[in-house]
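Here is a short tour of a few spots worth a look. Keep the viewer open and follow along.

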Amino acid sequence: MMNQFSHKRTTAADPDFLSLIAQLDQDLRGRYQPYQAFYDGFNKVDDSARVVVILENEKPVGCGCFRPTDDPLCVEIKRMFVAHDHRRQGIAERVLRELENWALEERYPFARLETGNMQLEAVGLYLKSGYQRIENYGPYAGMSTSICMEKRLVFS
């Protein structure tokens with residue numbers, strides 16, 4: 001039987017999303033101790049988050065979200081994650097593309113994000129997707145483990 005991938009737009013309260021970000025948090029703690037306790041405070045998502053979950057035969061395998069920022073033209077991409085056994089299948093690209101299109105539908109022409117310097121696969125994804133490195137913003141200013149990026153969005 002062929003794998004059937006689908007996606008859904010949802011909220012931060014979605015149980016599939018919560019399950020995936022629990023896996024993400026575990027992964028991040030493994031990569032970034034002792035720094036992760038500091039970052040945990042900035043990884044919260046609230047009711048303003050627009051969430052995308054990728055499903056394989058109804059099982060959640062990838063996710064991401066965006067939230068509005070203080071800049072009315074920009075959203076921040078957050079909580080990007082693909083289950084370990086589903087990596088290298090284009091799922092992260094699909095999540096990112098869907099988030100960017102959703103942001104454009106809501107009239108946001110820019111997206112920014114923060115990722116970690118030990119997440120080389122994420123850095124590669126963002127560079128390949130047209131993001132450019134920017135000065136670390138907000139809570140990430142001065143954090144040597146943070147890489148901040150931004151992109152002008154266009155429909156894909």
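Which elements do the buried residues of α3 pack against? Bear in mind that this is a predicted model. The partners are the strands β1 (5-10), β2 (50-56), β3 (59-68), β4 (74-82) and β7, along with the helix α4 (120-128).

**The helix α3**

Helix α3 covers residues 91-105, so count 15 residues if you step along the helix by DSSP run. From the first C-alpha to the last, α3 reaches 21 Å, and that is close to the 21 Å expected at 1.5 Å a residue. Of the 15 residues of α3, 11 are buried, so the helix is largely enclosed by the rest of the structure. Try colouring them: I91, A92, V95, L96 and E98 are among the buried ones, and the list goes on with L99, E100, N101, W102, A103 and L104. Notice that the buried set includes E98, E100 and N101 alongside residues such as L96 and W102. As background, an α-helix has 3.6 residues a turn, so residues three or four places apart point the same way.

**Two arginines with positive phi**

Now for the loops on either side of α3. R88 is found in the loop between β4 and α3, while R107 sits in the loop between α3 and β5 (110-116). Neither is a glycine, yet R88 has a positive phi, and so does R107, which follows α3. Are these arginines buried or exposed? R88 counts as exposed because its relative accessibility is 88%, over the 50% cut-off. R107 is exposed too, because its relative accessible area of 71% is also over 50%. Side by side:

| Residue | Loop | Phi | Relative accessible area |
|---|---|---|---|
| R88 | between β4 and α3 | near 65 degrees | 88% |
| R107 | between α3 and β5 | about 70 degrees | 71% |

**A buried asparagine in a loop**

Next, go to the loop between β6 (132-134) and β7 (146-152), where you'll find N136. Why does N136 count as buried? Its relative accessible area is 17%, and buried means under 20%, so N136 makes the cut.

What does the side chain of N136 reach? A polar atom of that side chain lies 3.2 Å from the backbone oxygen of M143. The side chain of N136 also reaches the backbone oxygen of S146, again at 3.2 Å. Leaving aside neighbours within four places in sequence, N136 is in contact with A141, M143, S146, I147 and C148.

How values were computed. Residues numbered from 1 in each chain as written. Predicted model: local features only at pLDDT ≥ 70, side-chain atom pairs only at ≥ 80, totals over all residues. Heavy atoms only, no water. Helix = DSSP H or I, 4+ residues; strand = E, 2+ residues; numbered from the N terminus. Buried < 20%, exposed > 50% of the residue type's maximum accessible area, 1.4 Å probe, protein only. Polar contact = N/O pair within 3.5 Å; in protein donor to acceptor, adjacent residues only side chain to side chain. Contact = heavy atoms within 4.5 Å. Expected span 1.5 Å × (residues − 1).
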